[in-house]
Amino acid sequence: MVSLQSYIVLSMIVFTIGIFGFLTRRNIIIMLLSVELMLNGVNISLVAFSHYMQDMRGQIMVFFIIAVAAAEAAIGLALIIALFRNKPTVNIDEINIMKG
Amino acid sequence: MLPKLFFGYFAAAIVLLSILVITRRNAVHSVLWMLLLFFHIAALYLFLNAEFLTAVQLIIYAGAMLVLYLFVVMLLNLKKEEGVSRFVDFWPNALVIALALLFAIGISVRAIVIGPTGGYSVDVVKKAGHTDILGRVLYTEYLFPFEVVSVVLLVAIIGAIVLAKKKLKT
């Protein structure tokens, strides 16, 4: 029997890797992928809690998180296309038009 | 022994694939490693008796969202992006922040105590079917949040079209 703690540690590690990727990469597509990574880390812990507490609510929450993540991906990619049309780069350090 | 072996493989693969996702120079490679990562996470859900979530993970995350990502990455011509440095200059600081967060949550993991369990034990779920039980809870107890999520998706669709379309000449 795998313990609940192992799942939580795994989900934490995935979440931390997502945070590290979001803070250090300047490619906007990989930053969005890091956000997805963080959401998936949280999903793992929610499903694990749901299984070990024999309660369905955690899985319902995962369901909603997946829906919101899909919405976030659609909006984020539309923003990337709109940005790319104005300035052909995905490096967010070069997108500083609104800097005073 | 066998469950531990399975979990060990999937945990190691998930950590390795996550690191591969955030370190690749080419965004297409990142998206493809992410696809493999989602398959492994779906297998982990199967391991936790959440069959319906496995299907949703495969269909929505791997099937729909990553294809959307791949579509956009290939739409944008990113040839000249490959010359720039991979990480920002202050990446050791970010590593320290991430490790501090890992440590802070890690020391609290040992304090987890399972509270009173709900009524959906493995036998109950197996008898009625996971999709059946999830649907019952979703359409009775969580009907209103479900409707709100549908509105969120509608707003996202409209917002994506408005953001991505070209400006009309007036």
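Me: Why is N49(B) called partly exposed?

Reply: In this predicted model, N49(B) has a relative accessible area of 27%. Buried would need under 20% and exposed over 50%, so N49(B) falls in the class in between, partly exposed.

Me: Where in chain B is N49(B), and what is notable about its phi?

Reply: N49(B) sits in the loop between α2 (27-47) and α3 (51-75) of chain B. Its phi is positive, about 60°, although N49(B) is not a glycine.

Me: Which loop of chain A holds Q54(A), and what is its phi?

Reply: Q54(A) belongs to the loop between α2 (28-52) and α3 (57-86) of chain A. Phi of Q54(A) is near 55°, again a positive value in a residue other than glycine.

Me: What makes Q54(A) partly exposed?

Reply: The relative accessible area of Q54(A) is 26%. That value is neither under 20% nor over 50%, so Q54(A) counts as partly exposed.

Me: How many salt bridges are there over all chains?

Reply: The count comes to three over all chains.

Me: Why is the contact of R57(A) with D55(A) called a salt bridge?

Reply: The closest N and O atoms of R57(A) and D55(A) are 3.8 Å apart. The cut-off is a side-chain nitrogen of Lys or Arg within 4 Å of a carboxyl oxygen of Asp or Glu, so the contact between R57(A) and D55(A) qualifies. R57(A) is partly exposed at 43% relative accessibility, and D55(A) is partly exposed at 23%.

Me: What makes the salt bridge of R57(A) and E141(B) a link that joins two chains?

Reply: R57(A) lies in helix α3 of chain A, while E141(B) lies in the loop between α6 (130-140) and α7 (143-164) of chain B, so the pair joins two chains. The N to O distance between the side chains of R57(A) and E141(B) is 3.7 Å, which is within the 4 Å limit. E141(B) has a relative accessible area of 48% and is therefore partly exposed, the limit for exposed being over 50%.

Me: How do you know that D132(B) and R136(B) are about one helical turn apart?

Reply: D132(B) and R136(B) are four residues apart in helix α6 of chain B, so about one helical turn separates them. Their side chains meet in a salt bridge with an N to O distance of 2.7 Å.

Me: Are D132(B) and R136(B) partly exposed or exposed?

Reply: D132(B), with a relative accessible area of 33%, is partly exposed. R136(B) has 57%, which is over 50%, so R136(B) is exposed.

Me: Which residues are joined into one network by salt bridges that share partners?

Reply: The network consists of D55(A), R57(A) and E141(B).

Me: What is the volume of the largest pocket, and which residues are closest to its centre?

Reply: About 450 Å³ of space lies in the largest pocket. It is lined by 27 residues, and the closest to its centre are A67(A), A70(A), A71(A), A74(A) and L153(B).

Me: Which elements supply at least two residues each of the lining of the largest pocket?

Reply: They are α3 of chain A together with α3 and α7 of chain B. α3(A) gives the most, with ten residues. From chain B, domain 1 (1-79) and domain 2 (119-170) each contribute at least three residues to the lining.

Me: How does the lining of the largest pocket divide by class?

Reply: The lining has 26 nonpolar residues, one polar residue and no charged residues.

Me: How many aromatic pairs does the structure hold over all chains?

Reply: There are nine aromatic pairs over all chains.

Me: Why is the pair of F6(B) and F47(B) called tilted?

Reply: The ring centres of F6(B) and F47(B) are 6.4 Å apart and the planes stand at 45°. The centres are within 6.5 Å, and the angle is neither under 30 degrees nor over 60, so the pair is tilted. F6(B) lies in helix α1 (residues 2-23) and F47(B) in helix α2 of chain B, so the pair ties together parts 41 residues apart in sequence. F6(B) is partly exposed at 43% relative accessibility, as is F47(B) at 30%.

Me: What makes the pair of Y139(B) and F146(B) edge-to-face?

Reply: Their planes stand at 75°, over the limit of 60, and their centres are 5.1 Å apart, so the pair is edge-to-face. Y139(B) is partly exposed at 48%, and F146(B) is partly exposed at 22%.

Me: Which residues do ring pairs link into a cluster?

Reply: Y7(A), Y52(A) and F7(B) are linked into a cluster by ring pairs.

Conventions:
Residues are numbered from 1 along each chain as its sequence is written. Chains are lettered from A and ligands numbered from 1 in the order in which they are written. This is a predicted model: local features need pLDDT of at least 70, side-chain atom pairs count only at pLDDT 80 or more; totals for chains, interfaces and linings use all residues. Side-chain values use heavy atoms; hydrogens and water are left out. Buried means under 20% relative accessible area, exposed over 50%, partly exposed in between (1.4 Å probe, protein chains only). On a 1 Å grid over the protein atoms alone, a cavity is a set of points where a 1.4 Å probe fits but cannot get out, and a pocket is an open set with protein on both sides within 12 Å along at least five of seven lines; lining residues have an atom within 4 Å of a point. Grid points are joined across faces, edges and corners, and a volume is the space filled by probe spheres set on the points. Ala, Val, Leu, Ile, Met, Phe, Trp, Tyr, Cys and Pro count as nonpolar, Asp, Glu, Lys and Arg as charged, and the others, Gly among them, as polar. Domain bounds come from an automatic or database domain assignment. Rings of Phe, Tyr and Trp (its six-membered ring) pair if their centres lie within 6.5 Å; planes under 30 degrees apart count as stacked, over 60 as edge-to-face and the rest as tilted.
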